[in-house]
Amino acid sequence: MTNSPASQPIVEFVDVVKRFGDFEAVKGIDLEIMPGEFIAIMGSSGCGKTTTLRMLAGLEAPTEGEIRLDGQVMNDVKPHDRDTPMVWQSLALFPFLNVRENVEFGLKMRGVGPDERKDRAMRWLERMEIEQFAERSVDQLSGGQRQRVALARALVTEPKVLLLDEPLSALDAHLVIRMQQVLTKLQRDLGITFVYVTHSQSEAFAMADRVVIMGDGKIAQVGKPRDIYRAPANRFVAEFVGRNNILTGTVTELAGSTVAIATPAGTFTVSAEGAALPAVGATASFVIAADLVHFSPDPMAEENSVECSLISEEFVGSVMTLFLESKDGTEFKVQTQERVLANIDLKATGRFHLGWSAASAHLLGE
Amino acid sequence: MSGRDALTTWVLRFYVVLVFGFIFMPIVASVIFSFNSQRFPTVPLGSFTTEWYTAILNDPDIWEAARTSILVSLSTSVLATFIGFCTAYTDYRFKFRYKYGFLALALLPPTIPLIIMALAMLAWFAKIGISGQVWSIIAAHTVLTIPFAMAIIRLRLNEMDESLEAAAWNLGASEWRAVKEVIIPFAKPAIISSMCLTAAVSFDEFAVAWFVSGLNKTIPVVILEIVTGNIDPQVNAIGSFVFLVSMTLVVLAQILFMTKGKRRTVTP
Amino acid sequence: MGTKETEKKKRGFETFAVVWRVPLIAWQTVFFLGPLLFMVAMSFFVVKNYRMREAFEFVSWAKMLGRHTFWDAYGYTLLLAVCSTVIVSLIAFPAAYALAFKTSATVRRWAIFLLVVPFFTSYLVRIFSWYVVLAESGPVNSVLGFFGLGPFTMLNTMFGTMVGYATLTLPLVVILQTVSLANIDNRFIEAAHNLGCGAFRTIHAVIVPMAKTGLVIAALFCFILSFGDFVSPYYLGGSKPPTLAILIIDTTKSGQQWPRAAVVAVMMMLTLFTVAFSSIWYAYRKRGSR
């Protein structure tokens, strides 16, 4: 990413390492987050994503490296001297305060007087459409309402950066979609930076401008959701993202930027546009997104094709995922609209030909 | 078979009632005797009287002792609860070397017989020159009640969502401010419970108070001195009064701890 | 650079952390450790002309340990405490068993609350109450008299002492036993029944071994409380012979012989430590692998 002088990164991680005793939770990460960005840090549990967020909030001190906020080194700054409010996984609403007092908390700590505190808190409650609950106890609210209180409480001090630690993980599925819309709209309207930690791919991909994929304490890839999905940087990301066919084989031929790779399921051509070309004889992996594979009526006309038999099918909304197997036992996934399959008789035909273009396959770095 | 099981169950339940009967018998008997006209109570009981209560109400020594007892138990409850809170918070929040030693310092006193504590404190207070004062009883009772205060408050902190304190820092509260704004409000029911219970324990303690009190006798010390002399039903009257005070404190503590305890933190 | 900053931050945090430890450490050092250590030291002091002088001599030790009265008291106190531990544990067990397995959780909670109550009420008054109830012409004997029984002498006997000890320790022992029994997974007991174990066999082979730690701890508390109590053996037991606790009182209250009382106290503490450590070792020892 290039830095234009007009937009300095608001958050910078420079070679940050965090060790707890002998355990290295974060193993040297570099990351720049621009003002107004919605960044999602995604990974499975124990990958270091929450530790990364907690370091940004000052709840953990980095063992090595530097964390900068708005250009200033923050390593030594205590949590209460930072302007990085957080929405917690448990929400961490204060049970002994009512809704309005919860929202006022940050202002009270900053020495704002009672009247102004109340005004500002009420404005945020109105914005979150929960002003009618202002004097209620927090445990009289529903999950979604509590979520809004937590957001209002964190945003009332008008921070430049908002941290969110899996805030939707406790909600029902239908509320999650609703809250995703609320969050996205809020972030657009406020224009502030959201740093959103989650293990859920759908949340990250639905909301974030850029997604950071973490694994084993390291950043595996940073990019726009589409780029990560279409062009995973390595095998870890490709597997993490799912809905991909990953094939590994030996490079047999290089022709321009197209590479031929011999796999147990057959030899396929892969476009290596923009990637480093592997040597002939080297082992290489590539992915084809499941929705870029199609059923081919004429295998001879395809750049790549393979003969498969159907194992099972999965039907979600109008999208169908088919699980197939080639003769040598390699698994293939095909994702397609239900109507596309309308004129293919899945039951009658025992064998299908799958096809895809060399350009839709993506060579993986290791 | 099931018939025999049911029989066993009922026999066991009856047994439980007997055990509770044994435990509460002396308390109930004492209250009954305090309204009984006989000097040496027996069955059938004598007539109803309040003469024993009148007697103690007119006894200036009893009033003096009551004043001392109230001063001692109030001071003890404040001191023990304050120290217990600091200790419970330390245990909740921090890991450090010699933590087991630190906790032992808080929790050991109840395992040492009161009579030994009494002798040790008597000698020690004489040595450092504060013997025979109300403050010596308070100091001793605080040692004995810190474990209760600490345990009650520690249990309450266990129920707290760990993120609550961090959320306060995150919203701009310093560590001190977070204790004031979050930890204390959250622990408040336990703090009040702790004050009630430590006051009740102090109000009933006689062995240590007897040794270190000097002329500042507390109510239990007066009871001890009366019963050493002879059978005097006044003791039942004082005892019933003491039960009333203790029970009020204990029930109050229990109600506070139970009702507020139900208002749990927001957890998914 | 990074490490230095971390150091500084850690120190900042430590001031806050240490402040919370100070009240307990200060208070318990001055008013708990101080007295106990001083008492140990005092056992080596000497008393001349009714005045105590700080010294390091074994006069009091020799005097006390060389006497029959001390060893009689020691043996009798130990006997009483052991009897109390065994009797109270046995009385408590069926009640704890019933509370743990034959009642609902709500009843159990209330029962435990009720059992906590006596702990905060005057032990002295309860003992005085027993003193009246168990008297030669007291209510118990007059009720028994209706059936042509008695009168029985219950005061100034070991029976009286045991009633007193039970008053002191039974609630606590029932609570501790109930909690440890209630923690046993019911499935183990059902499994034992399914394998054809009768009720007593189940108790013997499954329940007692599984609740061992809790049962031993309950017994230990009973022992500690009985061993150190002076009220029951004095008022209900008649103090003949005196127990160690009564010996401490007599020695202290009559004639400034504090060092001798300290010797008795130190001996009591040593005994209690020995019993406590061996029973805790026994309670937490791994059961033989079979």
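**View 1. The largest nonpolar core of the predicted model and its best-connected members.** Of the 274 residues in the largest nonpolar core, those that touch the most other members are Val195(A), Val212(A), Ala118(B), Leu119(B), Met121(B) and Val208(B). A nonpolar core is here a set of buried Ala, Val, Leu, Ile, Met, Phe, Trp, Tyr and Cys residues joined through C-beta atoms within 7 Å, and a residue is buried if 20 or more other C-beta atoms, placed from the backbone, lie within 10 Å of its own. H8(B) gives the most to this core, with 15 residues. This is a predicted model, in which local features need pLDDT of at least 70 and side-chain atom pairs count only at pLDDT 80 or more, while totals for chains, interfaces and linings use all residues. Residues are numbered from 1 along each chain as its sequence is written, and chains are lettered from A and ligands numbered from 1 in the order in which they are written.

**View 2. The surroundings of Val195(A).** Leaving aside neighbours within four places in sequence, Val195(A) is in contact (C-beta atoms, placed from the backbone, within 7 Å) with Val11(A), Ile33(A), Ile39(A), Ile41(A), Leu53(A), Leu56(A), Val161(A), Leu163(A) and Leu164(A).

**View 3. An open sheet in chain A.** Four strands, in the order S2-S1-S4-S5, form this sheet with antiparallel pairing; strands are DSSP runs of E of at least two residues, helices runs of H or I of at least four, both numbered from the N terminus, and two strands pair if DSSP finds at least two bridges between them. Strand S2 (23-33) and strand S5 (72-73) of chain A stand at the edges with a single partner strand each, so one side of each is left without a neighbour in the sheet. Strand S1 (residues 11-20) of chain A pairs with S2(A) over eight bridges in the antiparallel sense, and Lys18(A) stands opposite Val26(A) in S2(A).

**View 4. The side of chain B that touches chain A.** Here 20 residues of chain B are in contact with 22 residues of chain A. Helix H7 (163-170) and helix H8 (175-204) of chain B are the elements that give two or more residues to this side of chain B, and the largest share, six residues, comes from H7(B).

**View 5. The contact between chains C and B.** This contact takes 63 residues from chain C and 62 residues from chain B. On the side of chain C that touches chain B, helix H2 (residues 22-42) of chain C gives the most, with 13 residues.

Technical notes: Contact = placed C-beta atoms within 7 Å. Buried ≥ 20, exposed ≤ 12 C-beta atoms within 10 Å, placed from the backbone.
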